[in-house]
Protein chains: 2
Amino acid sequence: MKEILSTKNAMIKELKKLHKKKYREEKQQYIIEGFHLIEEAEKANAQIDWVLFNQRGRTEWSDWLDEQPQERLIQVSYEVLESLSELPTPQGMIAIIRMPELENTIQFSGGWLLLDNVQDPGNVGTMIRTADAAGLSGVILGEGCSDIYNTKVLRAMQGSNYHLPVIFKPLDNIIDMFKKLKIPIYGTELNPEAIIYQKIPRTKNYALIMGNEGQGISPRFLEETDQNIYIPIKGAAESLNVAIAAGILMYHFESDN
Amino acid sequence: MKEILSTKNAMIKELKKLHKKKYREEKQQYIIEGFHLIEEAEKANAQIDWVLFNQRGRTEWSDWLDEQPQERLIQVSYEVLESLSELPTPQGMIAIIRMPELENTIQFSGGWLLLDNVQDPGNVGTMIRTADAAGLSGVILGEGCSDIYNTKVLRAMQGSNYHLPVIFKPLDNIIDMFKKLKIPIYGTELNPEAIIYQKIPRTKNYALIMGNEGQGISPRFLEETDQNIYIPIKGAAESLNVAIAAGILMYHFESDN
């Protein structure tokens, strides 16, 4: 088992770079913090490259650490762990995870959430967590969406990225594919042709597109949908937060009765 | 019309203190940023004590500024506006708003959202915005909830605090009052006695309690509810974000069909 005490250590300096998207893509690795997320990654058979822990981590999760392959463990000082953490109070353990290979074997059945240019990391993370909870098959992040391997998204997802496939792909290609599979595609838009969501019949397979926080869904995608739907606003609010709207719609589509 | 160019001006120093909850309560004032929120405050007849704008604000909203009582306008330098702003890019206009008097004349009919110890400002703000959109009558913030006059909550609310009453009051008193009015009170909890939310009959009057992000609703409040309800989790997620859960439940209760 390695031990690193200095924040100036060359490996620590390299790992710190993983807080930047560019380096995550180059190294195909990302950082997760705290035992809960590490446990989720392990349950999902994600490849754990390194586990870094300080004295507190050693004490709190000694049983779990003893069962780990020793060659991936690194005991570090409080300062080293703090220098890698983005949390106000670091939790004593951090892991470096290898990004999954892009899968070509995914079955496009069931419910799919398609995000078009959703920029807020909290919104993206919360929608992936809700898609998981509601029972959808997967989530597709189109162009302009927040990267999912930044700390804020990872925390908002609460491990749901290990429970269902989350795929980065331009929505043009994806929409074409759903059309060929004859799976209905729904957009969300407030316009005269849109219908209230409760009138949409529930089907086993469907795709639901949610759009940018300010501009909504790109017009070229709205034109490709089978039906545009809306959620009624009864009070004086101008709109709903996109993650709230997605939650209401996904629970409608996945409801049994 | 006043003009202030220096960030060291005594009044600017005083206004800056309003970013702290303690001073907001002392002064009974809070800061809002950007024309959209200021317009919402004006529409709601909130008392606007001061409007501070820089050259950009003067240019963009000159018609609106010309119609304002001149004694409340303050032209400031870019630096002064920036020193009062909490946004990455200040929007050229800031207003100082007087907090509303606590109202004793509120009618407790319709739907009410009761928050118990909800700590995340984004969650609190989003729930108030959703309550407004769904058509609830008001929101009550019990002990431990985030203050609503901080910048993050004000932005997440998008002006909804001007559309429906948002009241700070210990939930013990509120729950007693709903009980006396024979209005059903629902808690959210995953336990053997809880029932799935879709089975709850829709009534004109109701109170829905949502709890802390980690611990849920305090046991002493759960005991006082008429029925505890849950949202089914079909995937592998452990739970839903509290604001998402509140959105699904409020749209269920306020749905017409």
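# Exercises on a predicted two-chain model

Phe108(B) and Trp112(B) are both buried, where buried means under 20% relative accessible area, exposed over 50% and partly exposed in between (1.4 Å probe, protein chains only). The model is predicted, so local features need pLDDT of at least 70 and side-chain atom pairs count only at pLDDT 80 or more, while totals for chains, interfaces and linings use all residues. Residues are numbered from 1 along each chain as its sequence is written, chains are lettered from A and ligands numbered from 1 in the order in which they are written, and side-chain values use heavy atoms, with hydrogens and water left out.

**Exercise 1.** Classify the ring pair Phe108(B) and Trp112(B), then the pair Tyr186(B) and Phe253(B).

*Solution.*
1. Rings of Phe, Tyr and Trp (its six-membered ring) pair if their centres lie within 6.5 Å; planes under 30 degrees apart are stacked, over 60 edge-to-face, and the rest tilted.
2. Over all chains, the structure has 14 aromatic pairs.
3. For Phe108(B) and Trp112(B), the centres are 4.6 Å apart and the planes stand at 45°, so this pair is tilted.
4. Tyr186(B) and Phe253(B) have 5.2 Å between centres and 25° between planes, a stacked pair.
5. Tyr186(B) belongs to strand E9 (residues 185–188) of chain B and Phe253(B) to helix H11 (residues 242–253) of chain B, so the pair ties together parts 67 residues apart in sequence. Helices (H or I, at least four residues) and strands (E, at least two) are DSSP runs, numbered from the N terminus.
6. Tyr186(B) and Phe253(B) are both buried.

**Exercise 2.** Describe the open sheet of chain A and find its edge strands.

*Solution.*
1. Two strands pair if DSSP finds at least two bridges between them.
2. The sheet has 7 strands in the order E8-E7-E6-E11-E9-E12-E10 (chain A), with parallel pairing.
3. Strand E8 (166–168) and strand E10 (195–196) of chain A each have a single partner strand, so one side of each lacks a neighbour in the sheet.
4. Strand E6 (residues 111–115) and strand E11 (residues 206–210) of chain A run parallel and are joined by 5 bridges; Gly111(A) has Tyr206(A) as its bridge partner in E11(A).

**Exercise 3.** Which strands of chain A does helix H9 (residues 171–180) of chain A lie across, and which does helix H11 touch?

*Solution.*
1. Contact means heavy atoms within 4.5 Å. Axes are lines fitted to C-alpha atoms, for helices over the stretch in contact, and angles run from 0 to 180 degrees between N-to-C directions.
2. H9 of chain A lies across E6, strand E7 (138–141), strand E9 (185–188) and E11, at about 155° to E6(A).
3. Helix H11 (residues 242–253) of chain A touches E6, E9, E11 and strand E12 (227–230), at about 165° to E11(A).

**Exercise 4.** Characterise the interface of chain A and chain B, then place Ser160(A).

*Solution.*
1. In chain A, 33 residues contact 33 residues of chain B.
2. The two chains bury about 2500 Å² between them, 54% of it on carbon and sulfur atoms. Buried area is the accessible area (1.4 Å probe) that two parts lose on being put together, summed over both.
3. On the chain A side, Arg129(A), Lys234(A) and Tyr251(A) lose the most area to chain B, together 23% of what that side buries.
4. The rule finds 0 salt bridges across the interface; a salt bridge is a side-chain nitrogen of Lys or Arg within 4 Å of a carboxyl oxygen of Asp or Glu.
5. Ser160(A) sits in the loop between helix H8 (151–157) and E8 of chain A and is buried at 1% relative accessible area. Leaving out residues up to four places away in sequence, Ser160(A) touches Ile128(A), Arg129(A), Asp132(A) and Ala237(B).
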